[in-house]
Amino acid sequence: MKLIYKIVYGEADAESFAALGKCANKIPTAKPEEFESLFKDFYAQLEVHDSQEFFVLKRRYRADGYFFGFGDKVGPLDRNGRRYIFWNTDNFTHHPSADPLYKSFPFYIYVSKDLKTKYGCFTDYPGYLEIDLNSNNDNTLTFKSKGKGFVQYIIVEDSIKKILEQYLKLTGRNIAFPIWAFGYQQSRWSYFNENEVLDIARKFREKKIPCDVIYLDIDYMEKYKVFTWSKENFPNYKNMLESLHKYGFKVVSILDPGVRVEKGYFAFEEGKNRYFLKDNTGEDFEGAVWPGRVRFPDFLNKDVRNWWAKNAKKYLNDGIDGFWNDMNEIAIFATEKDLEEAREKLKDAKLEDGINLAGMLGAIGEIGRRGHGEDIVHLDGNPHWKVKNAYGLNMVRATSEMLQKENKRPFLITRAAYSGIQRYGGVWTGDNHSWWEHILQEIIRLNSLSLVGVFYSGCDVGGFGGDANAQLLVRFMEFGLFTPMFRNHSAIGTRRQEPWAFGPEVEEILREIIRWRYKLIPYIYTQYMLGILKNRPLMRPLFYAFEQPEAFNIEDEYLFGTDILVAPVYRPNIQKRLVWLPRTSIGIFDGKVYKKGWNIVDTPIHYIPAFQISNSAIPMIEPMDYVDLSKVDKVYWKVFKTSQKSKVVGYFYEDDGTSLDYKKGFYNLKQVVIKDGYLLIKTLNSKFPMKEREWEFEIFDQKGNVKKVSVVVSSDGEYRIPIE
């Protein structure tokens, strides 16, 4: 039994924004009893709680096991033993039990402890949903959705790789990001004016620290009004953007959904009584966000998405290169109704109320986290609670579809998301903190995002909230080097986190970390694009590739592509790190050979525990100011093999880096094979003309022997060179 199956529970009346019709319509509908070798349903019916209908499904699974997935959730990599809520929420303090957060990916992969049984389970419901994974320790799973029912897809395969591939057939392939998205990115809330932005850019170039992207947070706008520029702080924004482009920078600006209620403001005037979400009286729904009183576009409506994309295009025409979609859970600070409630609660409050006063103030503090699912109605008449988790996805979809129609790769990252977001853009994990604990938490979150099919993801490296110190920033940056999106971002009022913020010694360490990112661009981009073509994530847990008992119990190491294993340092003053290696490996930063199994590795502050796994070949280049492979004349290959007889395989991928032509096969793919004393370079695809370059191979074995081979490689052909 190796297929995707569909089970309909109750009356599944919410639209699926995740499942692709062309795939979902071909999936056979199954009955729960067909899966009794995996689990047994013993309760599935409607219940009424607080005058609201919920559909509740309870099932018992057969064998003790692991549950991986759910995307951007805090807590352990193995989700077993906890109840999770899927209800996109601006929850900005990511403590270990914070839930729900910004995104909803109700997909998990189950693996029995004996590793013999594996399946994927996707509960496709974009409204309020709870999933309890054995919190009572009785092998019981509970699924509880608001409404009359939901659809589940069960994926039965014999490996985690294949389960994820099938899930992506159902929910859609990842859209490729432009190649510059893999360079280093610098951000802050906020760079307040164009002089500050240009000064940041100048410092990167003067200090010879590579950087590709600078971000503009909410203060670039006039009174936080979307699709505007501040006349006071960015009076010459077009000149600024031209200057930044001239120096090789791309610019990404924030884009929030709230449209300020202001007479004469074009976005408000165009959208009122036409494009905005409604309240229960049929009037445009209003709430408060950064600009004050705002209304919210209904992105689930195609006409609204087209309108939004048309306005977003004005920014692109100005010279903006990508968007950072924020506050799209939807985050609402308060509504008129909320304010009335708060005033009423406090009206008769007095100090003598004691503990009741504390509860009252706490309840008021939670107002901003309400979902307003009951208060909002979509233009098609659907209540918001039924589709809330798909709001952020459809916001990104608006701009992405416009760009894809123009054969352009989108640079679009979003805070709120639902399954299927990978078709339109990528994500970052929102408002983390400058806490040591958050390095480990981000390792888990980003790997969990990979397991729900999101291949371009990142976190606020250095931490968004709170003050970083020098040691924490270094270790955070060492981790960021090996994530798909390498972006340093920090909040207003916190310690600055630019690479030079902590003096010359730290600056030198961080410069070298960033330079390593640029050395590895050919490897990173090759691994990413092969993953796009083959439905395989760039960042992946160990057990994705090595289904061994040890790998399933390790959450503080991961694979970056097929050939690099990373074991970040995530506590202060750590001088040694315990690392498990699935095969003999060589330290990327110390050149030492480490045996298969458990190793104790020295970790001074400037050292990153990252390893090249045996019998692999990694392409690298000399670092440059910003990503531009057209300027590269030489590729350096680091090859590590265990013995003379070992076979090594590596790949080099190249395309134009900006269009969607890769979908039509317009790319160059070369395979490197080293065996039997020969180096063989094969051209597997040659529809993109590649620059002629020298390829220099440095071949190490575990005894410390080194051999060098050089060859000039062009777009096509096959090369066979003896290794002396």
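Two strands count as a pair if DSSP finds at least two bridges between them. Keep that in mind for the views below, which come from a predicted model.

**View 1. Strand 37 has a parallel partner in strand 33 and an antiparallel one in strand 38.** Strand 33 covers residues 634-641 and strand 37 covers residues 693-701, and eight bridges hold this parallel pair. To get your bearings, find Val639, whose bridge partner in strand 37 is Ile699. Strand 37 is also joined by eight bridges to strand 38 (residues 706-713). Here Phe700 has Val706 of strand 38 as its bridge partner. Strands 37 and 38 make a hairpin, with four residues between them. Look in the turn for Gly704, which has a positive phi of about 95 degrees.

**View 2. Eight strands close into a barrel with parallel pairing.** Going around, the order is 12-13-14-18-19-21-22-23. On average, and ignoring direction, neighbouring strands of this sheet are turned by 25 degrees against each other. Helix 10 (residues 437-451) packs on the sheet and touches strand 21 (426-428) as well as strand 22 (457-461). The direction of helix 10 makes about 160 degrees with that of strand 22. For a closer look at one pairing, take strand 13 (residues 213-216) and strand 14 (residues 250-255), which run parallel over four bridges. Val213 sits opposite Lys250 of strand 14.

**View 3. Six strands form an open antiparallel sheet.** The order here is 24-25-26-31-28-29. What stands at the edges? Strand 24 (539-540) and strand 29 (593-594) do, each with a single partner strand, so one side of each has no neighbour in the sheet. Further in, strand 28 (residues 585-587) and strand 31 (residues 610-613) run antiparallel and are joined by three bridges. Ile586 has Gln612 of strand 31 as its bridge partner.

**View 4. The largest pocket holds about 480 Å³ of space.** Its lining counts 21 residues, and Gln527, Arg536, Arg540, Thr562 and Asp563 are the ones nearest the centre. Which helix gives the most to the lining? That's helix 13, with four residues. Helix 13 (521-534) and strand 34 (648-654) each put at least two residues into the lining. By chemistry, the lining of this pocket splits into seven nonpolar, eight polar and six charged residues.

**View 5. The largest cavity has a volume of about 70 Å³.** It belongs to a set of three cavities of 30 Å³ or more. Among the residues lining the largest cavity are Met221, Tyr224, Val226, Trp290, Phe296 and Met327. Asp256, Pro257 and Gly258 also belong to that lining. How does the lining divide? It has 10 nonpolar residues, one polar and one charged.

**View 6. Phe68 and Phe552 make a tilted ring pair.** A search of the whole structure turns up 67 aromatic pairs, and this view shows one of them. The ring centres of Phe68 and Phe552 are 6.2 Å apart and the planes meet at 35 degrees, so the pair is tilted. The cut-offs do the sorting: planes under 30 degrees apart would be stacked, and over 60 they would be edge-to-face. Phe68 lies in strand 4 (residues 65-69) and Phe552 in helix 15 (residues 549-552), so the pair ties together parts that are 484 residues apart in sequence.

Definitions and conventions. Residues are numbered from 1 along each chain as its sequence is written. This is a predicted model: local features need pLDDT of at least 70, side-chain atom pairs count only at pLDDT 80 or more; totals for chains, interfaces and linings use all residues. Side-chain values use heavy atoms; hydrogens and water are left out. On a 1 Å grid over the protein atoms alone, a cavity is a set of points where a 1.4 Å probe fits but cannot get out, and a pocket is an open set with protein on both sides within 12 Å along at least five of seven lines; lining residues have an atom within 4 Å of a point. Grid points are joined across faces, edges and corners, and a volume is the space filled by probe spheres set on the points. Ala, Val, Leu, Ile, Met, Phe, Trp, Tyr, Cys and Pro count as nonpolar, Asp, Glu, Lys and Arg as charged, and the others, Gly among them, as polar. Axes are lines fitted to C-alpha atoms, for helices over the stretch in contact, and angles run from 0 to 180 degrees between N-to-C directions. Contact means heavy atoms within 4.5 Å. Rings of Phe, Tyr and Trp (its six-membered ring) pair if their centres lie within 6.5 Å; planes under 30 degrees apart count as stacked, over 60 as edge-to-face and the rest as tilted.
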